[in-house]
Amino acid sequence: GTANVTATHLWDGETEEYNIPYVRRLLPGQRAVIVNLVYRTQGFYVSPGNPKDIRDWKDLMDENITFVNREKGSGTRVLLDEQLRNLNLDSRLMKGYGNEEMSHIAVASAVARGIADVGLGTEKAALQVPGVEFVPLKKERYDLVFYKDDLEKSNFQTLLPVIRSAEFRDEVKGLGGYDISKTGEIIGEI
């Protein structure tokens, strides 16, 4: 009850679905609407030329590879942990799993500076940090969630047309690294 809208990008490994399973679990008995904001690509940040040939989740278990992680609770950390769980890989065997950064830029920067061999994050950050290459892994859905009853309120009657406007879409497209093909569409109602 402390917010009227939230942005989320949480992948559920059991259903292989973004956001909706979490909304069902975190807002039981509540009616909610999920609206797409953007899609973006999550993947590995690696050194130029990918000298350690890091291509998939299992490569993170190599004892010669040092990882840099995102903080607990972030959508990127949830994606990693769910992938590891689904593949029955033990995070305790990952060198650097406990090394946490608070942003995609910080993770990419750690790889660019040679502190780690690999990190997980968005393609957008890889475009912003010199000295890293990006290995795409998963298309991520980034959505807005709000209570269905709020849809009738004036602030939401203002918000949704803005998100759906050509001007907003052009601004997001201009940032690079985002797929706006479903921006403003209702993805689900719970």
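A charge counts as sitting over a ring if NZ of Lys or CZ of Arg is within 6 Å of the ring centre and within 35 degrees of the ring normal. Keep that in mind for the opening stop, and remember throughout that this is a predicted model.

**Stop 1: charges over rings**

Select Lys139 and Tyr39. The charged end of Lys139 sits over the Tyr39 ring, 5.1 Å from its centre. Then move to Arg25 and Tyr22: here Arg25 lies over the face of Tyr22, at 4.6 Å from the ring centre.

**Stop 2: aromatic pairs**

Rings of Phe, Tyr and Trp pair if their centres lie within 6.5 Å, and by this rule there are three aromatic pairs. Start with Phe44 and Trp57, an edge-to-face pair with 5.5 Å from centre to centre and 75° between the planes. Show the backbone as a cartoon and you will find Phe44 in strand β4 (residues 32–46), while Trp57 lies in the loop between β4 and β5 (67–70), so this pair ties together parts that are 13 residues apart in sequence. Are Phe44 and Trp57 buried or exposed? Both are buried.

Next, select Phe146 and Phe156. Their rings form a tilted pair, 4.7 Å centre to centre, with 35° between the planes. Phe146 belongs to strand β8 (residues 133–147) and Phe156 to helix α5 (residues 154–164), so the contact ties together parts that are 10 residues apart in sequence. Phe146 and Phe156 are both buried as well.

**Stop 3: helix α2**

Colour residues 75–86, which make up helix α2. Try a quick check with the distance tool: at 1.5 Å a residue, the 12 residues of α2 should span 16 Å, and the end C-alpha atoms are indeed 16 Å apart, which agrees. Now switch on a surface. How many of the 12 residues of α2 are buried? Nine are, which leaves the helix mostly covered. Among the buried residues are Arg77 and Glu82, along with Val78, Leu79, Leu80 and Leu84. Step just past the end of α2 to Asn88, where phi is positive, at about 55°.

**Stop 4: the largest pocket**

Centre the view on Thr6, Leu26, Leu27, Val145 and Tyr147, the residues nearest the centre of the largest pocket, which has 17 lining residues. Its volume is about 320 Å³. Which elements each supply at least two residues of the lining of the largest pocket? They are β1 (6–8), α1 (20–26) and β8. If you are thinking about the chemistry of the lining, colour by class: there are 11 nonpolar residues, six polar and no charged ones.

**Stop 5: two more positive phi values**

Select Glu16, in the loop between β2 (11–12) and β3 (17–18). Although Glu16 is not a glycine, its phi is positive, at about 55°. Glu16 is exposed, with a relative accessible area of 58%. Continue to Asp53, in the loop between β4 and β5. Asp53 also has a positive phi, near 50°, in a residue other than glycine. With a relative accessible area of 45%, Asp53 is partly exposed.

**Last stop: a long distance**

Finish at Ala3, in the segment before β1. Ala3 is partly exposed, with a relative accessible area of 44%. Draw a line from its C-alpha atom to that of Leu93: these two residues are 90 residues apart along the chain, and their C-alpha atoms are separated by 38 Å.

Terms used. Residues are numbered from 1 along each chain as its sequence is written. This is a predicted model: local features need pLDDT of at least 70, side-chain atom pairs count only at pLDDT 80 or more; totals for chains, interfaces and linings use all residues. Side-chain values use heavy atoms; hydrogens and water are left out. Rings of Phe, Tyr and Trp (its six-membered ring) pair if their centres lie within 6.5 Å; planes under 30 degrees apart count as stacked, over 60 as edge-to-face and the rest as tilted. Helices (H or I, at least four residues) and strands (E, at least two) are DSSP runs, numbered from the N terminus. Buried means under 20% relative accessible area, exposed over 50%, partly exposed in between (1.4 Å probe, protein chains only). The expected span of a helix is 1.5 Å times one less than its number of residues. On a 1 Å grid over the protein atoms alone, a cavity is a set of points where a 1.4 Å probe fits but cannot get out, and a pocket is an open set with protein on both sides within 12 Å along at least five of seven lines; lining residues have an atom within 4 Å of a point. Grid points are joined across faces, edges and corners, and a volume is the space filled by probe spheres set on the points. Ala, Val, Leu, Ile, Met, Phe, Trp, Tyr, Cys and Pro count as nonpolar, Asp, Glu, Lys and Arg as charged, and the others, Gly among them, as polar.
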